[in-house]
Amino acid sequence: MATRVEKQWMSDSAAIGCVVCRNLGYGRSPAEIHHIKAGCGISQRSSNLKTLPLCHAHHRTGGDGVAFHANSKLWQEKFGTELELLDQTVIDVEKFRESIIGRAV
Ligand SMILES: [Zn+2]
Ligand SMILES: [Zn+2]
């Protein structure tokens, strides 16, 4: 079960769009939630906060030649590691939330 904080995180991170598409300059693509594998098992309780927003192509069908779930090793060599992209997503979600609230912290 996802907590309220986890649901908000997943909804906000999906709202900013696929992190890979944005890094490649494709703009905001509709995203689905990918639960990252890195660090899995260390803290099961926070697993719903360890997610990346990925479009269907970069996630499952093969955007730019590789889908995460087809070849996660090659994917991370091309686009960055899960943890690097998670760090970026945390910062981007903070900016997104500030923009909604309408003031910088
Ligand atoms: Zn994408
Ligand atoms: Zn996934």
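Helices and strands here are DSSP runs, with at least four residues for a helix and at least two for a strand, numbered from the N terminus.

**View 1. The whole chain, element by element.** This is a predicted model, and its chain has 5 helices and 2 strands. Follow the sequence along and you meet them in the pattern α-α-β-β-α-α-α. Of the 105 residues in the chain, 24% are buried. Take the contacts with a separation of 6 or more: 54% of them are between residues 24 or more positions apart.

**View 2. Helix H5, end to end.** Helix H5 runs over residues 82-101. How far apart should its ends be? At 1.5 Å a residue, its 20 residues should span 28 Å, and the end C-alpha atoms are indeed 28 Å apart, so the two agree.

**View 3. The two sides of H5.** Look for Glu82, Leu85, Leu86 and Thr89, which are buried in this helix. Seen down the axis of H5, the buried residues fall within an arc of 95 degrees, so they line one face of the helix. Turned away from that buried side is a face with the exposed residues Asp87, Val90, Ile91, Glu94, Lys95 and Glu98. And what covers the buried residues? The cover includes helix H1 (4-15), helix H2 (19-23), strand S2 (51-54) and helix H4 (72-79).

**View 4. Leu83 and a partner from elsewhere in the sequence.** Leu83 also sits in helix H5. It has 14 C-beta neighbours inside 10 Å; a residue needs 20 or more to be buried and 12 or fewer to be exposed, so Leu83 counts as partly exposed. Leu83 and Ile36 are 47 residues apart in sequence, yet their C-alpha atoms are 8.1 Å apart in space.

**View 5. The largest nonpolar core.** This core has 13 residues, and Cys18, Val19, Val20, Leu52, Leu54 and Cys55 are the ones that touch the most other members. At least two residues come from each of H2, S2, H4 and H5, with H2 giving the largest share, 3 residues. In soluble globular proteins, nonpolar side chains tend to be buried together. Zoom in on Cys55: leaving aside residues up to four places away in sequence, Cys55 touches Cys18, Cys21, Ser29, Pro30, Ala31 and Gly63.

**View 6. Asp64 and its backbone angle.** Asp64 lies in the loop between helix H3 (56-61) and H4. Most residues other than glycine have a negative phi. Asp64 has a positive one, near 55 degrees. With 14 C-beta neighbours inside 10 Å, Asp64 counts as partly exposed.

Definitions and conventions. Residues are numbered from 1 along each chain as its sequence is written. Chains are lettered from A and ligands numbered from 1 in the order in which they are written. This is a predicted model: local features need pLDDT of at least 70, side-chain atom pairs count only at pLDDT 80 or more; totals for chains, interfaces and linings use all residues. The expected span of a helix is 1.5 Å times one less than its number of residues. The arc is that of the directions from the helix axis to the C-beta atoms. Two residues are in contact if their C-beta atoms, placed from the backbone, lie within 7 Å. A nonpolar core is a set of buried Ala, Val, Leu, Ile, Met, Phe, Trp, Tyr and Cys residues joined through C-beta atoms within 7 Å.
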